[in-house]
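Colleague: I am new to this structure and would like a close look at a single part of it, beginning from one residue and moving outward to what lies around it. Please take your time and explain each term as you reach it.

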Amino acid sequence: MSNRRVYVVVAAVAVAAVAVWQVRNHRALQRGAELSALYCSSCHLEPVPDILPQRSWAAALGYMGYWLGIEEIGFLDDAPEFVRSNVSSRLEVLRRDGVFPAAPLLGEEDWTLLRQYYLRTAPSEPLPQVGKPPLDRELQRFEIFRTSYRQSFAITTMVHVREETGDIFVGDSLAQLLTVLDGNGRLRTSRQFRPAITPVDIRFAGDTAYLGSIGDLLAQQEANAGPAHLGALRLVNGSIADATYEVVLDGLFRMADLEVADLNGDGRMDFIVCGFGSIFGSVSWFEYLESGSYEEHVLLPLPGAVKARVHDFNGDGLPDIMVLVSDAREGLHLLMNEGDGEFELRTVFEADSSYGHTFLELNDFNGDGLMDALVVNGDNVDSDPYNTPKNYHGVRIYLNLGDLQFEEAFFYPMYGAFIARSADFDADGDLDIAAVSFYPDFTDPQRESFAYLENQGGLEFLPSTNDELNDGRWMTMDIGDVDGDTDVDVVLGGSYLEIGLFGNPELYDQLVESGESVLILKNTLY
């Protein structure tokens, strides 16, 4: 046989082998996609591969495997120790709560095909942000004002501006303190209460402050963290110094948010509690009965609720509830009040499980008299210990089109966005936005921990920041006139957890050392 014929035969065999491999690979990926549709969509919206890069998918699939009854995570042997530890800790939680399947829900071959579908089709690197406007590094609207209040290791889980008294209420989860500062950040008073508090929300009704306690913020680090509860703080002459404290609701799921409203028109104020939970959770309405006790009505029996806001969306005179969910069926939902304590669930949108929604605010952004939704997503380490930057994290405005229809009209990309608040900060007649990120891209020295979005009209915003704000890590924020000059100021609360910084211990130590517990951004308008 001539060399030419040998070459032709070898080439033909190679081409055939490649073709066979391509067919098998296509069939394997096709089967993996089928398995994803079957198993992944049973708990949440089926994720598309490009929402995470390959290494992040490997960790996320470790979590998913546990839900399918698969304990083996040997495919993560080459991952950093903090990744393996983060993933394996979830198995303990599932076993503790009795939801780890008694036997695998799919075979080893199918599990491999499902994993390969995501790992082979996902990008090698995270996709970049698209359409992000240039960020001005000079924050001209606000002056940075450093307070005298400081915790040695701050985990500030609540800041609340009470304009009528000029007070700033601060909750620290680690110190289990409720502190009151004046408008210049000077200490008025600070107290611990029993049972221990881990404050995340506060609502005032006359001389009573209702304080929401998350209970298990550090549950993975503190196995004995107490249960979530709602307490009533009876103020004395408007002060917490001599206040009494009593538990109103106990044994709650991990509380993330509290609303107070009369939902049934009986003249008594009820509570709406977002129990984020861990494996279990709910949105519940606690009806205040004539007897003085509370009756729970579960409105949404799902974990992951982070915010609930009350508004009459259809103009029938009954208060409805908009709920933002960051787990399970992640998305924005409406609970329409049908009267007689009945609510009908309507979904505004559902999102991929890695979106990590964190905050919801209602405001009228286009002046048409309809309440729009300001929505934030950026909780980044729940299933991705690498804190991978995600181009779909950020701040969105959903305009109310009427007839319970909403449309996304604005998106500002912001890695790890956590909270956004809207107000007319520059007094020009439209709404601007202040936003913080708890999970910025820590690999970037000019990371975006805070952004002020100045409305130019027509939902066109110019963003600005100040690099000094990168010396802190902001978990919570509130707005209001803290100094009595009639403009709107911003208060930031710093929280110095290691989560999201597992791979950057030097920066973590630096933030713990330099980060402020509370920082005031004073508006320079007046």
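Modeller: Leu-519 is a good place to begin, and it is found in strand β28, which covers residues 518-523; strands (E, at least two residues), like helices (H or I, at least four), are DSSP runs numbered from the N terminus. Please keep in mind that this is a predicted model, in which local features need pLDDT of at least 70 and side-chain atom pairs count only at pLDDT 80 or more, while totals for chains, interfaces and linings use all residues. Residues are numbered from 1 along each chain as its sequence is written, and side-chain values use heavy atoms, with hydrogens and water left out.

Because its relative accessible area is 2%, Leu-519 counts as buried (under 20% is buried, over 50% exposed and anything in between partly exposed, with a 1.4 Å probe and protein chains only). Leu-519 is separated from Gly-472 by 47 residues in sequence, yet their C-alpha atoms are 8.9 Å apart in space.

The residue that follows Gly-472 in the numbering takes us to a ring, for Arg-473 lies over the face of Phe-438, at 3.8 Å from the ring centre; a charge sits over a ring if NZ of Lys or CZ of Arg is within 6 Å of the ring centre and within 35 degrees of the ring normal. An arrangement of this kind is also found between Arg-115 and Phe-75, where the arginine lies over the ring face at 4.3 Å from its centre.

Rings also meet one another here, and a search of the whole structure finds 21 aromatic pairs, a pair being rings of Phe, Tyr or Trp (its six-membered ring) with centres within 6.5 Å, called stacked when the planes are under 30 degrees apart, edge-to-face when over 60 and tilted otherwise. One of them joins Phe-142 to Phe-425 in an edge-to-face arrangement, with 5.6 Å between the centres and 75 degrees between the planes. This pair links distant parts of the chain, since Phe-142 belongs to strand β1 (residues 142-146) while Phe-425 sits in the loop between β22 (417-423) and β23 (432-437), 283 residues apart. Phe-142 and Phe-425 are both buried. Phe-438, the ring that lies under Arg-473, has a ring partner as well, namely Tyr-439, and these two are edge-to-face with centres 5.0 Å apart and planes at 80 degrees. Phe-438 and Tyr-439 are each buried. Elsewhere, ring pairs join Tyr-210, Phe-271, Tyr-288 and Tyr-294 into a cluster.

From the rings we can turn to the backbone, where it helps to know that most residues other than glycine have a negative phi, and most peptide bonds are trans. Leu-404, which is not a glycine, has a positive phi near 65 degrees, and its place is in the loop between β20 and β21 (405-413). Leu-404 counts as buried because its relative accessibility is 17%. Asn-387 likewise has a positive phi, near 55 degrees, and occupies the loop between β19 (372-377) and β20 (394-402). With a relative accessibility of 6%, Asn-387 is therefore counted as buried. The peptide bond between Arg-194 and Pro-195 is cis, with omega at about 5 degrees, and Pro-195 is placed in the loop between β5 (187-191) and β6 (199-205).

Another strand residue can be set beside Leu-519: Ser-239 lies in strand β9, residues 239-252, and counts as partly exposed because its relative accessibility is 26%. Ser-239 and Thr-165 are 74 residues apart in sequence, while their C-alpha atoms are 9.9 Å apart in space.

To finish, the cysteines deserve a word. A search of the whole structure finds zero disulfides, a disulfide being a pair of cysteine sulfur atoms within 2.5 Å. For Cys-40, which is in no disulfide, the nearest cysteine sulfur is that of Cys-43, 8.5 Å away. Cys-40 is counted as buried because its relative accessibility is 3%, and Cys-274, with a relative accessibility of 0%, is therefore counted as buried too.
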